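Trainee: Could we take a close look at one part of this model, the surroundings of the bound molecule, and then work outwards from there?

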Amino acid sequence: MPIRNISVYLTLVFFVTLAFAQNREIVTGCIAGNVTMQFKPALLDGKEVKTYVWNKVRGVNKDPSFAKFEPSVSSQLEIYFNEEHKVQNRLFHYPEEPATLYLTNLRKSDQQQYTLVISYVDYVGTPTEWIIDLQVQDVCFEKPKEVGKCAVTTCYTGDNGVLKTPDGAKQTVMGYKLVKVCDDKTSGNYSCCNAAGTCLVQALQESTGDNMPSDGSSGNTGMIVGIVIGVLLAVIAAVVAVVFIKNRREELSHALFVFSRTSSSRFCKLG
Ligand SMILES: *[C@@H]1O[C@H](CO)[C@@H](O)[C@H](O)[C@H]1NC(C)=O
Ligand SMILES: *[C@@H]1O[C@H](CO)[C@@H](O)[C@H](O)[C@H]1NC(C)=O
């Protein structure tokens, strides 16, 4: 397991290095899901940022402007060509995270290259850039998580998707649907399909509890119960010890008192 962790770590380092070298990265989201686009431009030291401008490719000879944030002018993100980008009420930006965009309820048309261009107050030169290639997957069926004795996952299909349950029933999915399997009856293979008929299958099983996962919440619950019992036992032991010592002390002082009042001859006999 440590070797696996190390290799995962090295792979991450490799991709981060690659991303830094190229000033760009790929961000993947699910249709109807949410995505965080964290742009990581290498800001110039000691220079005040004037504008954060995001461009999105719209086609040749077209103004690529997508959005702008100018902290000295407004705390609001300005969105361009919204009738075309259709991100109203789906695009969120917080001034305290100036280079990050949150996009909700993803559409296929969001899949595009986004470039953040930073310009500075007292600096004219090459602007700082960071590119995100946003990919939007047509169907997503996440690996289930164990929550108590339930297997929980989300099926993302966009509009008019279909979730097929093991008993053969079909449920319509508008955007995405949370799927929860908590008993044997509903356990089995679930199929998550978009309107175009692309499907992903996932086996969802009621958790038996005997294969306690190290990262599952049932494992944590077990550990918490263990800690609580341990603390309780420690408190009981401490109380018993205090009471015991107190009693013994009283006994002892009583004995000493009695002893001091008895004759020394008795003491000699005892000795
Ligand atoms: C996406 O974010 C919105 C707003 O924060 C939230 O209501 C919605 O449940 C999120 N969607 C998913 C799939 O988590
Ligand atoms: C679920 O799918 C897997 C792989 O496709 C298959 O081996 C298994 O038999 C299926 N289980 C049920 C209950 O149909």
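Which residues are around ligand 1?

Mentor: Before I answer, please keep in mind that this is a predicted model, in which local features need pLDDT of at least 70 and side-chain atom pairs count only at pLDDT 80 or more, while totals for chains, interfaces and linings use all residues. Residues are numbered from 1 along each chain as its sequence is written, and chains are lettered from A and ligands numbered from 1 in the order in which they are written.

The residues around ligand 1 are Gly-33, Asn-34, Thr-104 and Tyr-176, where a residue is taken as near a molecule if its C-beta atom, placed from the backbone, lies within 6 Å of it. This shell divides into one nonpolar residue, three polar ones and no charged ones; in this scheme Ala, Val, Leu, Ile, Met, Phe, Trp, Tyr, Cys and Pro count as nonpolar, Asp, Glu, Lys and Arg as charged, and the others, Gly among them, as polar.

For the wider setting, the protein has four helices and 15 strands, which are DSSP runs numbered from the N terminus, with helices (H or I) of at least four residues and strands (E) of at least two. Of the 271 residues in the protein, 18% are buried; a residue is buried if 20 or more other C-beta atoms lie within 10 Å of its own, exposed if 12 or fewer, and partly exposed in between, with the C-beta atoms placed from the backbone. Among contacts with a separation of 6 or more, 59% are between residues 24 or more positions apart, a contact being two residues whose C-beta atoms, placed from the backbone, lie within 7 Å.

Now consider an open sheet of three strands, in the order β2-β7-β6 with antiparallel pairing. Because β2 (35-38) and β6 (91-92) stand at the edges, each with a single partner strand, one side of each is left without a neighbour in the sheet. Strands pair, by definition, if DSSP finds at least two bridges between them, and here four bridges join β2 to β7 (residues 100-103), with Thr-36 standing opposite Tyr-102. Leu-101 is found in β7, and Leu-101 counts as buried because it has 25 C-beta neighbours inside 10 Å. Leaving aside neighbours within four places in sequence, Leu-101 is in contact with Met-37, Trp-54, Leu-91 and His-93. Asn-105 lies in the loop between β7 and β8 (112-120), and Asn-105 has a positive phi of about 45° although it is not a glycine. That is worth a second look, since most residues other than glycine have a negative phi. With 15 C-beta neighbours inside 10 Å, Asn-105 counts as partly exposed.

The other region to follow is the one that holds Tyr-176, a residue of the shell around ligand 1. Strand β13 covers residues 170-181 and pairs with β12 in the antiparallel sense over eleven bridges, one partnership being that of Cys-155 with Lys-177 in β13. These two strands form a hairpin with five residues between them, and Gly-168 in the turn has a positive phi of about 90°.

Strand β12 (residues 150-164) also takes part in other antiparallel pairings, including two bridges to β10 (residues 140-141), where Cys-140 has Tyr-156 as its bridge partner in β12. Three bridges join β11 (residues 145-147) to β12, and β11 and β12 form a hairpin with two residues between them, in whose turn Gly-148 has a positive phi of about 65°. A further three bridges link β12 with β14 (residues 188-193), and Val-162 stands opposite Cys-193 in β14.

Just beyond, Asn-194 sits in the loop between β14 and β15 (199-204), and Asn-194 counts as buried because it has 23 C-beta neighbours inside 10 Å. Not counting residues up to four places away in sequence, Asn-194 touches Asp-138, Val-139, Thr-157, Gly-158 and Gly-161. Asn-194 and Asp-138 are 56 residues apart in sequence, yet 7.2 Å apart in space from C-alpha to C-alpha.
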